[in-house]
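Work through the exercises below with the coordinates open beside you, and try each task before reading its solution.

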Amino acid sequence: MEPVTHMLTGACLSRSGLNRKTSYVTAAMVIGAEAPDLDMLWRLHGPVSELQHHRGITHTFLGAPFMALGTLAVLMIFDRMRTARPSVPIRWGWVWLCAFIADLSHILLDYTTNYGVRPFYPFNPHWYAWGILNLFDTFIFLSLVIALLAPGAFLLGNQERGSREKFAGQRVWAWAALTFVLLWWGLRSQQQAHANALVKNGDYFAEPVRRIGAEPSMTSPFRWHMVIDTGNAYRTASVDTLHNEVVLNRRVILKGPITSAVVAAKQSHLGKVYVDWSTWPLIEDMGSLSIPAPVAPPTPAGQHWHTVAFLDMRFDSPSLLEELEKFRHKAGTASLIGWVYVGPDHQIEGQYMHGQKQR
């Protein structure tokens, strides 16, 4: 999920009672809850490297103890630099344990999204995604914010409350928010299963259905974007689980032919990384059109270069494919579309994502 939700989760976990044991617990859990995203620094090496390494070793059960140690080291350095000493004795073992718990919360939150996570990497590089949330969830975000702000707001109305009552109020609000998150996950998971069942049990397709996937809406647990794999094509639908309504999109997305350019592009750095990550890949040989990126050179005139597009149907929300249509008219780009230039001798001449070239 996005960084602020991770840090808010760490703060609420701290306030659930863990912060009463020693100093620095809240700082450890806020930092630890976001520390795994340090792998975003791979962006400096190029957009494909970012896709390859993001949610890699820093988002694993193997890496979590070491990420907690890194958080602990930062706080120990900070403690040495302080002139004033904390009022509560520091139990560094407890600080590490809390940072470790916060790191695990990061992995769990990322697992709930449709982007996914690789918790068993490098022993098992498979991506796992519960797929019940987008990268940002308004209701979880607001519940965590309210839980952190409400105790202070109520304290303003009663200045005579002691520290024990203050900590008790923080615990109550923190547990309320964390309980809401668990119930919210349960509701979304149940509605996702219901959306899958509505499409699976309906008589919507003449051709046999191989796979069905329900991708979440950012705003409602009752609205789902459906991806249906019929073998040589994808179909999409919108499902309203509250009213048991399925609206089938008439658009049929044919899977493009596996040309020699597609074969070459799939062997490129971008192709291997993208296919490894993608759950619903759509790979298309676009011919000699130019990549829609400011830094991308046009294809040379008179040469048989091909541009191969990599998409993932999870993020047709509603219109990754509309971006593809814009691309056909040489305009627009989308962050989760990859592009590969394949030269006349099937050599890889360029790889692009986010409008940037991979180095």
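The exercises that follow treat a sheet, the nonpolar cores, a buried glutamine, salt bridges and aromatic pairs.

The model is predicted, so local features are reported only at pLDDT of at least 70 and side-chain atom pairs only at pLDDT 80 or more, whereas totals for chains, interfaces and linings use all residues. Residues are numbered from 1 along each chain as its sequence is written, and side-chain values use heavy atoms, with hydrogens and water left out.

**Exercise 1. The open sheet**

Determine the order of the five strands in the open sheet and find which strands form its edges.

Solution. Begin with the assignment: helices (H or I, at least four residues) and strands (E, at least two) are DSSP runs, numbered from the N terminus, and two strands pair if DSSP finds at least two bridges between them. On this basis the five strands run in the order S5-S6-S7-S8-S9, with antiparallel pairing. Next, look for strands that pair on one side only, which gives S5 (281-285) and S9 (356-357) as the edges. At the S9 edge, S8 (residues 348-353) and S9 are joined in the antiparallel sense by two bridges, and Met353 stands opposite Gln356 of S9. Finally, add the helix that packs on the sheet: H9 (residues 269-277) touches S5, S6 (306-312), S7 (338-342) and S8, where contact means heavy atoms within 4.5 Å. The direction of H9 makes about 20° with that of S6, the axes being lines fitted to C-alpha atoms, for helices over the stretch in contact, with angles from 0 to 180 degrees between N-to-C directions.

**Exercise 2. The nonpolar cores**

Identify the residues with the most contacts inside the largest nonpolar core, and the helix that gives the most to this core.

Solution. A nonpolar core is a set of buried Ala, Val, Leu, Ile, Met, Phe, Trp, Tyr and Cys residues joined through side-chain atoms within 4.5 Å; buried means under 20% relative accessible area, exposed over 50%, and partly exposed in between (1.4 Å probe, protein chains only). The largest core has 23 residues, and those with the most contacts inside it are Cys12, Met29, Leu133, Ile140, Leu144 and Trp185. At least two residues come from each of H1, H2, H5, H6 (138-156) and H7 (163-201), and H7 gives the most, with five. For one of the central residues, leaving aside neighbours within four places in sequence, Leu144 is in contact with Thr5, Leu8, Thr9, Cys12 and Ala177. A second, separate core of 20 residues includes Trp127, Ala264, Val273 and Phe310.

Then turn to H2 (residues 25-34), where Val25, Ala28, Met29, Gly32, Ala33 and Glu34 are buried. Their cover includes H1 (3-15), H4 (64-81) and H5 (92-111).

**Exercise 3. A glutamine in H7**

Decide whether Gln191 is buried or exposed, and list what Gln191 touches.

Solution. Gln191 is found in H7, and its relative accessibility of 8% makes it count as buried. Not counting residues up to four places away in sequence, Gln191 touches Pro221, Phe222, Trp224 and Thr241.

**Exercise 4. Salt bridges**

Find how many salt bridges the whole structure holds, and describe the partners of Asp240 and Asp229.

Solution. A salt bridge is a side-chain nitrogen of Lys or Arg within 4 Å of a carboxyl oxygen of Asp or Glu, and a search of the whole structure finds six. Asp240 meets Arg223 at 4.0 Å, N to O; Asp240 lies in S3 (residues 233-240) and Arg223 in S2 (residues 223-229), 17 residues apart. Asp240 is buried at 8% relative accessibility, while Arg223, at 48%, is partly exposed. Asp229 forms a salt bridge with Lys255, with the closest N and O atoms 3.0 Å apart. Asp229 is buried at 7%, and Lys255 is partly exposed at 29%.

**Exercise 5. Aromatic pairs**

Classify the ring pair of Trp130 and Trp185.

Solution. Rings of Phe, Tyr and Trp (its six-membered ring) pair if their centres lie within 6.5 Å; planes under 30 degrees apart count as stacked, over 60 as edge-to-face and the rest as tilted. The count comes to 18 aromatic pairs. For Tyr115 and Trp127, the centres are 5.9 Å apart and the planes at 75°, so this pair is edge-to-face; both residues are buried. For Trp130 and Trp185, the centres are 6.2 Å apart and the planes at 65°, so this pair is also edge-to-face.
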